Amino acid sequence: MNAKELKEQLEYKNKSAFESISEDELERSFAYAESYKLFLDSSKTEREAVRYAVEMAERNGYAEYRLGDELSEGGKYYYNNRGKQLILFRIGEEPLEKGAYIMAAHIDSPRLDLKQNPLYEDSGFGLFKTHYYGGIKKYQWTTVPLALHGVVIRDNGSRVDICIGEEEDEPIFYISDLLPHLAKDQMTKSLAEGITGEGLNIIVGSEPYREEETSGAIKLNLLRILNEKYGMREEDFISAELTAVPAMRARDIGLDRSLIAGYGHDDRVCAYSEITALFDTENTTKTVFAVLADKEEIGSDGVTGMQSEIFGDILWEVCEAKNANYRVVKANSKCLSADVNAAFDPNYPEVLEKRNASYANCGVVLSKFTGSRGKSGTSDATSEFTAYVRNLLNKNGVVWQMAELGKVDQGGGGTVAKFLANMNIDTIDVGVPVISMHAPYEAISKLDLYMTYRAFCAFIA
Ligand code: MN
Ligand code: MN
């Protein structure tokens, strides 16, 4: 055998999905990307993602399930947890004690939440105070067009949905930055300190209420507009979830249109591939769950986060309906924790270890572990389960790669994987490599998106 043949037989190497994909599949993957972009543009908050996913679920024959409802074999259900987390599931004929198949992604993304008392006036402007949500590089959020999304619950419980800044003819919102001419001091600061959290104040307007001389007339005029449009009073901000997100729409990148720029690929790219895989694989006997979790970016705590007991409660209810032992079911279940990874970026090779990084277009990326430093804060999948997933993807012709997030001791990050694994469910991370993760405008490859979808299809089919 010559060296080239031997190499091909023995060596492991990442391969670009472009090498093996057929013209047909390439076309399908680009078409799939178009539908993904629609989802992304309509799902800039977890509430909007839930709404979109519920509509899709209902079109695909899923019915709303409330705790305590009867469940039946062959049934397709969704549990809408407070409009912020969604658990879709279908109950297969296969004995549940052989295990359920679980996919878990998150639908919250880094952004700027308004404070509970946000509106003020200063030096001729009306502004909103913000409190950033998730890990952001603050300097990236100035001088980009922002849209305001969210919900206001008035004290009588009535609700107003707000979305301003997505349509071309709507206004946007804006955070200022210093002109370079006067930035001598600012420019000597570190990137972490150049823009502060308390400096991320959003310009909302500048026109005063002109009926008579009064102080705070700009703020008053903004309150007047909010009252006319939404029936709001200032106290209503107290029980609102209003958030500023990038107003940009998802768009193709490059002459070849092979990549997509968009806000919130992390982790709506996995959320979308997960639920479309669920809807596209109908003829299976497995019991399958697709979780779209909230709060991952701030630690997965709370009633709608992955650490909430709600997922276990629903799994328990399904076990009861199928007459299966909950503990046995968990022990035999399998989970793909679906979240993004850092794609190798030629502009920043120094933080990524090139032999163990993920690469755009090299397919869905598996991560045996996440965490930071000495593998702290991760569930670290077993070899056995890693082999199972690797085999599954190979068998189904899904292009995949294995990676960890950056160089050892360079930083790190976590996902929801450990919360599923802590339930005694075998779990591994899979997802899409992302360029500029957590930036207002992130980038992914269309083929990686498609291979992630294919990986979920293979897992639950
Ligand atoms: Mn994520
Ligand atoms: Mn993230």
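Two strands count as paired here if DSSP finds at least two bridges between them. That matters for the sheet, which I will take before the metal site. One caveat: this is a predicted model.

In S12, Leu-259 is the bridge partner of Ile-253. Strand S12 covers residues 259-262, and three bridges join S11 to S12, the two running antiparallel. The sheet they belong to is open, with three strands in the order S11-S12-S22 and antiparallel pairing. Strand S11, residues 251-253, and S22 stand at the edges; each has a single partner strand, so one side of each has no neighbour in the sheet. On average, neighbouring strands of this sheet are turned by 35° against each other, direction ignored.

As general background, strands of a sheet pair through backbone hydrogen bonds, either parallel or antiparallel.

Now the helices on this sheet. Helix H8, residues 265-280, packs on the sheet and touches S12 and S22. The direction of H8 makes about 35° with that of S22. Helix H13, residues 446-460, also packs on the sheet, touching S11, S12 and S22. For H13, the angle to the direction of S22 is about 65°.

Next, the metal site. Which residues coordinate the manganese ion that is ligand 2? They are Asp-266 through OD, Glu-297 through two OE contacts, and His-438 through NE2, at 2.1 to 2.6 Å. Along the sequence, the donor residues of this ion are spaced D-x30-E-x140-H. The other manganese ion, ligand 1, is 3.3 Å from ligand 2, and Asp-266 coordinates both.

The pair Glu-297 and His-438 links distant parts of the chain, 141 residues apart. Glu-297 is in the loop between strand S13 (288-293) and helix H9 (310-321). His-438 is in the loop between strand S21 (433-434) and strand S22 (442-445).

Are these two residues buried or exposed? The cut-off for buried is under 20% relative accessible area. Glu-297 is buried, because its relative accessible area is 13%. His-438 is buried too, with 17%.

Last, the largest pocket. About 1,100 Å³ of space lies in it. The lining of the largest pocket comprises 42 residues, and the closest to its centre are Ala-342, Leu-405, Gly-412, Met-437 and His-438. His-438 is thus on two lists, as a donor to ligand 2 and as one of the residues closest to the pocket centre. Strands S15 (341-342), S16 (364-367), S19 (412-413) and S20 (426-431) each supply at least two residues of that lining.

Technical notes
Residues are numbered from 1 along each chain as its sequence is written. Chains are lettered from A and ligands numbered from 1 in the order in which they are written. This is a predicted model: local features need pLDDT of at least 70, side-chain atom pairs count only at pLDDT 80 or more; totals for chains, interfaces and linings use all residues. Side-chain values use heavy atoms; hydrogens and water are left out. Donors are N, O and S atoms within 2.8 Å of the metal (3.2 Å for Na, K and Ca); water is not among the atoms, so sites may look incomplete. Helices (H or I, at least four residues) and strands (E, at least two) are DSSP runs, numbered from the N terminus. Buried means under 20% relative accessible area, exposed over 50%, partly exposed in between (1.4 Å probe, protein chains only). Axes are lines fitted to C-alpha atoms, for helices over the stretch in contact, and angles run from 0 to 180 degrees between N-to-C directions. Contact means heavy atoms within 4.5 Å. On a 1 Å grid over the protein atoms alone, a cavity is a set of points where a 1.4 Å probe fits but cannot get out, and a pocket is an open set with protein on both sides within 12 Å along at least five of seven lines; lining residues have an atom within 4 Å of a point. Grid points are joined across faces, edges and corners, and a volume is the space filled by probe spheres set on the points.
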